[in-house]
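Reader: I am new to this structure and would like to learn how its descriptive terms are justified. Could you show it and then take my questions in turn?

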Amino acid sequence: ERELAEQLGVSRIVVRESLGRLQARGLIEIRPGVGAFVVPMPDHSVTEPLGLYIRRHGVGHVHLFEVRRALEPQIAAAAARRQNPRALALLAATQRRTAAAAADLVRASADPDDAAFDDEARGDERLEAFAWADLSFHVHLAQASGNPLFELLLLPLVEPLLEVRRAGARRPGAADRATAEHAAILAAVVAGDPTDAATAMARHLDSVVALLQPTGTPPPSEAQP
């Protein structure tokens, strides 16, 4: 503190208050009797403020999907160009988990003799499993892009839409359709085709948006400005 005060031409009180503010923002760690140390900036220090803004300002689903429509096709294209074997293996495993969760939902809804069919708690578990697997696919795709900014920007946009995933999965055929659309995205990415990957992602997002739109309302990609 003494050295900083001398260098900056301010009192030690000003330096101490400034260091306290930096610590509150998570930029430094103050160890009493030792000193102040710069700390790595964790991802949540970026994603949490944006997520909080989205919740506090009541940003609507339509606005979230407009941003995702601009962002995620580029993420898919980047993943197709990157061709990271480890990331693609993780993405494929997530796709299998999504397909299994969707199949579980279909079996439960189609078989009224299923002991868990009328079990609300069990049904919620199935919806939750599908919703989180669906979300994970998009997050892992961003990781496969090789651009860390894609993941940081995407995560606050997709987490608020978990309820949309739960509600959508209750509709007949919705979970299977989402799984098939994910499979098309994955196939294009694995094939190393950025154009097809971007197109498949755009179609998937338009399909999801259609669940939120009144009948006859075109998706954002088709609506006139």
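**Terms and their grounds**

Author: In the hairpin of β1 and β2, which has three residues between the strands, Gly 33 takes a positive phi near 80°. This is a predicted model, in which local features need pLDDT of at least 70 and side-chain atom pairs count only at pLDDT 80 or more, while totals for chains, interfaces and linings use all residues. Residues are numbered from 1 along each chain as its sequence is written, and side-chain values use heavy atoms, with hydrogens and water left out.

Reader: How do you know that strand β1 and strand β2 pair?

Author: Two strands pair if DSSP finds at least two bridges between them. Strand β1 (residues 28–31) and strand β2 (residues 35–38) have four bridges, in the antiparallel sense, so the definition of pairing is met. Arg 31 stands opposite Gly 35 in β2. Strands here are DSSP runs of E with at least two residues, and helices are runs of H or I with at least four, numbered from the N terminus.

Reader: Why is Val 10 called partly exposed?

Author: Buried means under 20% relative accessible area, exposed means over 50%, and partly exposed lies in between (1.4 Å probe, protein chains only). Val 10 has a relative accessible area of 34%, and is therefore partly exposed. Val 10 lies in the loop between α1 (2–8) and α2 (12–24).

Reader: Why is Leu 211 called partly exposed?

Author: The relative accessible area of Leu 211 is 22%, so the term partly exposed applies. Leu 211 is found in helix α10 (residues 194–212). The C-alpha atoms of Leu 211 and Ala 167 are separated by 9.5 Å, and these residues are 44 apart along the chain.

Reader: How do you know that the span of helix α4 agrees with the expected one?

Author: The expected span of a helix is 1.5 Å times one less than its number of residues. For the 22 residues of α4 (residues 61–82) this gives 32 Å, and the end C-alpha atoms are 30 Å apart, which agrees. Among the buried residues of α4 are Leu 64, Phe 65 and Pro 73.

Reader: What makes the phi of Gln 83 worth a remark?

Author: Most residues other than glycine have a negative phi. Gln 83 is not a glycine, although its phi is positive, at about 55°. Gln 83 lies in the loop between α4 and α5 (85–110). With a relative accessible area of 32%, Gln 83 is partly exposed.
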